[in-house]
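User: I would like to go through the labels attached to this structure and see what each one rests on. Please set every value against its cut-off.

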Amino acid sequence: MNNNTVEKIDLIKYIDMFYRSFLHLKKIVIVIFIVVISLFEAKEVFFFQTTYSSKAAFTVAIDGKASTSTDDKAQAEFDSALNAALTGPSMQELIRKELKLSNIPGNISLHTVPDTSIYELQVVTDDADLSYKIISSILSNYGVVMQYSMSDVSLSVIDTPFMAKTPDATPNYVKVFIKSCMLSVMISFVLILIYSLFRKTIINSKDAEQYLNLKTLATVPFLKTNNKQNYSLLLSNPSVQYGIKKAFQDLRFCIEREFDQNGSKVFLVTSTMPNEGKTMTSINTAISLANNGHRVALVDLDLRNPSIYKKVAKQQLVYNILDYLKFNEAMDSILNTYEDTSLSIIYGVNAVSNAPELLESDKLKKLIQHLKEEFDYVILDLPPLHLIQDALIVGEYADSSIVVTKQDYVNCGLILDELEELNAVVPSILGVVINQAKQSIFDEDSMSYGYGYGYGYGYGKKYGK
């Protein structure tokens, strides 16, 4: 019973992987269909050979008697000799001279009608009149060719040839379309199968535990939004979807428990690659903690691509993180209160090229230490791990780290490589947040996707642009 259950779950998992791989490759699949169908249809249009046939049926007599033999070998030899006489080089040479042709532009064939002693001669060319003339020439001149080798053989035509009025076949675009579609399906199936077998990404909490050996702090469901600032995704938005609220409640509980158990107050938030939603995760984590009565500081340390201000700010900005790091502005003056909450945000505005130099400065270390003393929690939003090393520079100032991974996005091998580097500088990795989680039609674990709500978020612009 248990073994059957395990096999069933594994099968569903592989089907789900195949389905998700199809979604990833659907544009390529469409291109495959377009290319294959276009090639097949173009071949039918430009290279289809229209042919016309002319046929004649006859019987053979030897010395006036029907050529019937009980000896299969002898009959086969006779048929071969007759075929050579009627379709061979000598006959073709005679036809060329009579019809004044440089070559025979078609095919001449002879075969017996099954279970009879009747022979059928067929000429196929691309011209109906020429086919008729060639077969007529054969029937008129076969005696000339056969007088030396088969002089005792005579033919009795029982079905005279006629000129074809219609071609043997016309282009069948529907049939070609069906064949090309079937081939496209086969090619796409093999491509998706190979892709799904070699991909290893994070789909749910089980994958995070199995492949990364990390617990899942929260699963943020997918929500499509056209708002560039993603205001509909912020917890400060009264109409934010329940799935998002629930996900960040789970994340807040994990952070509060970490503080209770280990005294951790400074949390670094990063991701492996851009576009995984780590900035929105940082913002909503800070808002969730503030909504629960904690004094929270959120710091935008993604100096190459600062974006918190663009997503949340409504008031006029006076000072930002660069005013402190580069121009010695006072610590307290760069703190901006967020709405009427206990959340204070230190924004970044302009991207800089000397981010490592600023992040390595003692001033940043003093700032984080000051925030740690003044606030209950400090959330640091940092760049993705794979592109640059900024997160590793700041890692030593954090008590713990939270890694955001977009569902079915980054290969687990790459995530593990970056986690290994992060683990070397951060005291602990609290866990992962699975972002933009979509439940596929084959996934049975509906509870891990925000109770079945189809929501989530992320931002789509390229990193550093």
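User: Where is N213 placed?

Analyst: N213 sits in the loop between α6 (205-212) and β6. This is a predicted model, and the values below are computed from it.

User: Why is N213 called exposed?

Analyst: Exposed means over 50% relative accessible area. N213 has 66% relative accessibility, so N213 counts as exposed.

User: What makes the backbone of N213 worth listing?

Analyst: N213 has a positive phi of about 60° although it is not a glycine. Most residues other than glycine have a negative phi.

User: And N275: where is it, and is it buried or exposed?

Analyst: N275 lies in the loop between β7 and α8 (278-291). The cut-off for buried is under 20% relative accessible area; N275 has 16%, so N275 is buried. The phi of N275 is positive, about 70°, and N275 is not a glycine either.

User: How do you know that D207 and K13 form a salt bridge?

Analyst: The criterion is a side-chain nitrogen of Lys or Arg within 4 Å of a carboxyl oxygen of Asp or Glu. For D207 and K13 the N to O distance is 3.8 Å, so the pair meets the criterion.

User: What does the D207 and K13 pair tie together?

Analyst: D207 belongs to helix α6 and K13 to helix α1 (residues 2-47), so the salt bridge ties together parts that are 194 residues apart in sequence.

User: Which burial class does each partner of that pair get, and why?

Analyst: D207 has 5% relative accessibility, and buried means under 20%, so D207 counts as buried. K13 has a relative accessible area of 30%, which falls between the 20% and 50% limits, so K13 is partly exposed.

User: What makes R20 and D16 a salt bridge, and where do they lie?

Analyst: Their side chains meet at 3.0 Å, N to O, and the limit is 4 Å, so the pair qualifies. R20 and D16 both lie in helix α1, four residues apart, about one turn of the helix. R20 is buried, and D16 is buried as well.

User: How is the E93 and R96 pair classified?

Analyst: The side chains of E93 and R96 meet in a salt bridge at 2.5 Å, N to O. Both residues are in helix α3 (residues 89-99), three residues apart, about one turn of the helix. E93 has a relative accessible area of 33% and is partly exposed; R96, with 21%, is partly exposed too. In addition, K278, D302 and D381 are joined into one network by salt bridges that share partners.

User: How many salt bridges are found in the whole structure?

Analyst: A search of the whole structure finds 11 salt bridges.

User: What makes Y14, F189, V190, L193, I194, L197 and F198 a nonpolar patch?

Analyst: Patch residues have over 30% relative accessible area and no salt bridge, and nonpolar side chains are joined within 5 Å. These residues make a nonpolar surface patch of about 750 Å². Helix α5 (residues 173-198) supplies the largest share of the patch, six residues.

User: Why is L197 called exposed?

Analyst: L197 is found in helix α5. Its relative accessible area is 53%, and the cut-off is over 50%, so L197 is exposed.

User: Why are β6 and β9 called edge strands?

Analyst: The open sheet of eight strands has the order β6-β13-β12-β7-β11-β8-β10-β9, with mixed pairing. Strands β6 (216-221) and β9 (336-337) each pair on one side only.

User: How do you know that β8 and β10 pair?

Analyst: Two strands pair if there are at least two bridges between them. Strand β8 (residues 296-300) and strand β10 (residues 343-346) have four bridges, in the parallel sense, so they count as paired. The bridge partner of V296 in β10 is L343.

User: Which helix packs on the sheet and touches β7, β12 and β13?

Analyst: Helix α14 (residues 412-423) packs there, touching β7, β12 (400-406) and β13 (429-437). The direction of α14 makes about 170° with that of β12.

User: Which strands does helix α12 lie across?

Analyst: Helix α12 (residues 362-374) lies across β7 (266-271), β8, β10 and β11 (377-381), and runs at about 145° to β11.

Terms used: Residues are numbered from 1 along each chain as its sequence is written. This is a predicted model: local features need pLDDT of at least 70, side-chain atom pairs count only at pLDDT 80 or more; totals for chains, interfaces and linings use all residues. Side-chain values use heavy atoms; hydrogens and water are left out. Patches are made of residues with over 30% relative accessible area and no salt bridge: like charges are joined within 9 Å, nonpolar side chains (Val, Leu, Ile, Met, Phe, Trp, Tyr) within 5 Å. Accessible areas come from the Shrake-Rupley method with a 1.4 Å probe; for residues, only the protein chains shown count as cover. Helices (H or I, at least four residues) and strands (E, at least two) are DSSP runs, numbered from the N terminus. Buried means under 20% relative accessible area, exposed over 50%, partly exposed in between (1.4 Å probe, protein chains only). Contact means heavy atoms within 4.5 Å. Axes are lines fitted to C-alpha atoms, for helices over the stretch in contact, and angles run from 0 to 180 degrees between N-to-C directions.
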